[in-house]
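Here are three short exercises to work through with the model open beside you. Try each task before you read its solution.

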Amino acid sequence: MVSPAFSTKALLLAKRTAVNLIFVSLVAGQLVRFTIPGQGGGILLSDIAVLLFLGVSLISRWNKKAVFAFFVVAPFFVWSLFILTIRSGELLFSEIAIALLYWARLASIFLLYPAGVLLLRTQEMKEFAKNAFVYTYITIISIGFLQFFLFPNLEGFGVGWDPHIQRMVGTW
């Protein structure tokens, strides 16, 4: 049952927006990021997209497949936090904080599986996601070939990448 606060149309729009943002974040890759003072990595567009996708899945009706999918990825959460806890005595507080942030990013990406099972259960949403994937794939390949032909050597851009001489720059 859908949350009473959301109509069926509003939920469908939220699902489509979340799916679209996931695919847009794939095209943007590491180029779109919001910097945080004192932290080198920052927040990626994909971080925001994943959180939106997970948020929309939380307001959807859960089913047995989604619960099963969650339990498939749950051992990762338990094991990785267990290892971090064991090794925390060897790390500074700032290193633990950074490790937890990377853990949260990876855990949220792992949660895309059960959230996807939940959001893409209707044929309409599966078809929508499939089309979004195809358009994303074509866009990434097209941008890659444009870069390859227009900028075959990225050495002079000085952005800290390896030279990428005569090859495409991937978004991930």
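**Exercise 1. Find the residues with the most contacts inside the largest nonpolar core, and say which helix gives the most to this core.**

Step 1. In this predicted model, the largest nonpolar core holds 17 residues. Val 19, Ile 22, Phe 53 and Val 56 have the most contacts inside it.

Step 2. Now sort by element: α1 (8-28), α2 (45-58), α5 (112-119) and α6 (123-150) each give two or more residues to this core. Helix α1 gives the most, with six residues.

Step 3. Take Ile 22 as an example. Setting aside residues up to four places away in sequence, Ile 22 touches Ala 49, Val 50, Phe 53 and Leu 112.

**Exercise 2. Describe the second largest pocket: its space, its lining and the classes of its residues.**

Step 1. The second largest pocket has about 310 Å³ of space. It is lined by 17 residues, and Gly 42, Ile 43, Asp 47, Leu 101 and Arg 105 are the closest to its centre.

Step 2. At least two lining residues come from each of β1 (33-36), β2 (39-44), α2 and α4 (93-110). Helix α4 has the largest share, six residues.

Step 3. Sorted by class, the lining has nine nonpolar, five polar and three charged residues.

**Exercise 3. Is Ser 108 buried or exposed?**

Step 1. Locate Ser 108 in helix α4.

Step 2. Its relative accessible area is 12%. Buried means under 20%, so Ser 108 is buried.

Step 3. Look for its partners: leaving out neighbours within four places in sequence, Ser 108 is in contact with Val 50 and Leu 54.

Key:
Residues numbered from 1 in each chain as written. Predicted model: local features only at pLDDT ≥ 70, side-chain atom pairs only at ≥ 80, totals over all residues. Heavy atoms only, no water. Core = buried A, V, L, I, M, F, W, Y, C linked by side-chain atoms within 4.5 Å. Buried < 20%, exposed > 50% of the residue type's maximum accessible area, 1.4 Å probe, protein only. Helix = DSSP H or I, 4+ residues; strand = E, 2+ residues; numbered from the N terminus. Contact = heavy atoms within 4.5 Å. 1 Å grid on protein atoms, 1.4 Å probe; cavity = no way out; pocket = protein on both sides within 12 Å on 5 of 7 lines; lining within 4 Å. Points joined across faces, edges and corners; volume = space filled by probe spheres on them. Nonpolar A, V, L, I, M, F, W, Y, C, P; charged D, E, K, R; others polar.
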